[in-house]
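Me: I would like to go through this structure term by term. For each label, tell me which rule stands behind it and what value meets the rule.

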Amino acid sequence: MGAPLVPLNDLTQIDRYIAAGAEELYMGFYDPSWNAAFGPYADLNRMSGFGTEANAYTLENVMWAAGAVAARGRRLYVTFNTAAYGADKSGCVVRYFSLLASTGAAGVILSGPEFMDAAKECGLQVVASTMCAVYNHQIAAFYRDCGADRIILPRDLSLADIRAIVDGLAQTAPEGAAPMEYEVFCMRNGCVFSDSHCLGMHGMGRGALCGEIRVGARKLRSSQDVGALRENSDVWCRSFHTHACGLCALWDFEQMGISAYKVVGRGDMSDAIAEDTQLITDELAIARNCSTREEYLRRMRPHPYAEQVCVRGLNCYYPESRRVVGDGAEDAPSEGG
């Protein structure tokens, strides 16, 4: 059975997140010595482009957090998932692995195969990030053979796609091999683009599509009122990023044996992270007591923003599973769900 995986964006919130149901936490870090050695455009992890907004802590802070999380019987994963690392950085990355392992980190999230052997040698669990682009079971098998213990599945996969990967990899597993763990996106920070195919550096104004769209100067040429355009943008564009949700798919994921349900948002407010973690925990308790998807969809609690976004289906990570919220009508599974 799976459990919430939560961004540790505030070291004072560890106990609060665990109380809300977090079994696993993840975080990145910044290191001034890395920047001094490799320059400002050599990212340490994929969120480096957002500065301390996303990576608020130093390596020393993360080492402390690893020990604190391990002492509470939970697991901390650390991100090393920038698009690529040059050979000149390998010694520094492996040194980080050793330090993190010595202080209790459970594993590292990696963007490619090049450091997987080194992480395993340090005793760390290897997690293949969305940057690995695991879009079919053949790619999953490649990363399994490289040493991955867990695969983070891209957020743009459908339930059928995920089922095909899980089943396909199980059928090709070597005899005696440990089952692969899978992590899926569940709450917050939806993106219309593929992480693995994002253009440029992932950050505000650094060339990535998401950053350029947000900060680029745009001229509105329309007969519509500017206020109406902005309102439409908030409803139709921002809702997926802010309130992305996969709660309706939890029953299906439990049948597949998914290990972790990811709350995204290393730069988000701790109150929102705790609330979404509790939502997953509560819905999982319901899903595990339902014999069918339809029963779960009838019994589950609606998303807090259901009236704004669920009714339009704008915030769904897995829209094929969503419960239809009608105006005064009885809630029912969506067509084909």
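Reply: Start with burial: a residue is buried under 20% relative accessible area, exposed over 50% and partly exposed in between, with a 1.4 Å probe and protein chains only. By that rule, arginine 150 and glutamate 24 are both buried. This is a predicted model, in which local features need pLDDT of at least 70 and side-chain atom pairs count only at pLDDT 80 or more, while totals for chains, interfaces and linings use all residues. Residues are numbered from 1 along each chain as its sequence is written, and side-chain values use heavy atoms, with hydrogens and water left out.

Me: What makes arginine 150 and glutamate 24 a salt bridge?

Reply: The rule asks for a side-chain nitrogen of Lys or Arg within 4 Å of a carboxyl oxygen of Asp or Glu. The closest N and O atoms of arginine 150 and glutamate 24 are 2.8 Å apart, so the pair qualifies. Arginine 150 lies in strand E6 (residues 150-152) and glutamate 24 in strand E2, so the salt bridge ties together parts that are 126 residues apart in sequence. Helices (H or I, at least four residues) and strands (E, at least two) are DSSP runs, numbered from the N terminus. The chain has 13 helices and ten strands.

Me: Which residue forms a salt bridge with glutamate 24 from strand E3?

Reply: Arginine 75 does, with the closest N and O atoms 3.0 Å apart. Arginine 75 is in strand E3 and glutamate 24 in strand E2, 51 residues apart.

Me: Why is glutamate 24 called buried or exposed, and what is arginine 75 called?

Reply: Glutamate 24 has a relative accessible area of 3%, which is under 20%, so it is buried. Arginine 75 has 33%, between the two cut-offs, and therefore counts as partly exposed.

Me: How do you know that glutamate 254 and arginine 288 form a salt bridge?

Reply: Their closest N and O atoms are 2.7 Å apart, so they satisfy the 4 Å rule. Glutamate 254 lies in helix H10 (residues 250-256) and arginine 288 in the loop between helix H11 (270-287) and helix H12 (293-299), so the pair ties together parts 34 residues apart in sequence. Glutamate 254, with a relative accessible area of 13%, is buried, whereas arginine 288, at 35%, is partly exposed. Elsewhere, salt bridges that share partners join Glu24, Arg75, Arg150, Glu181, Glu183 and Lys262 into one network. The count for the chain comes to 19 salt bridges.

Me: How do you know that E6 and E7 pair?

Reply: Two strands pair if DSSP finds at least two bridges between them. Three bridges join E6 to E7, so the pair qualifies, and the two strands run parallel. Arginine 150 stands opposite glutamate 181 in E7. E7 is mostly covered, with six of its seven residues buried.

Me: Where else do bridges join parallel strands, and which strands make up the closed barrel?

Reply: Four bridges join strand E4 (residues 107-110) to strand E5 (residues 125-128). Among the partners there, glycine 107 is matched with glutamine 125 in E5. The closed barrel has eight strands in the order E1-E2-E3-E4-E5-E6-E7-E8, with parallel pairing. From one strand to the next, the twist averages 30°.

Me: What makes the phi of arginine 188 worth a remark?

Reply: Most residues other than glycine have a negative phi. Arginine 188 has a positive phi of about 80° although it is not a glycine. Its place is in the loop between strand E7 (181-187) and helix H8 (209-215). In that loop, asparagine 189 also has a positive phi, near 50°. Arginine 188 is buried because its relative accessible area is 12%, and asparagine 189 is buried at 16%.

Me: How is the packing of H3 and H4 described?

Reply: Axes are lines fitted to C-alpha atoms, for helices over the stretch in contact, and angles run from 0 to 180 degrees between N-to-C directions. H3 and helix H4 (residues 90-102) pack at about 35°, with their axes 9 Å apart. Contact means heavy atoms within 4.5 Å; Leu59, Val62 and Met63 in H3 meet Arg95, Tyr96, Leu99 and Leu100 in H4.
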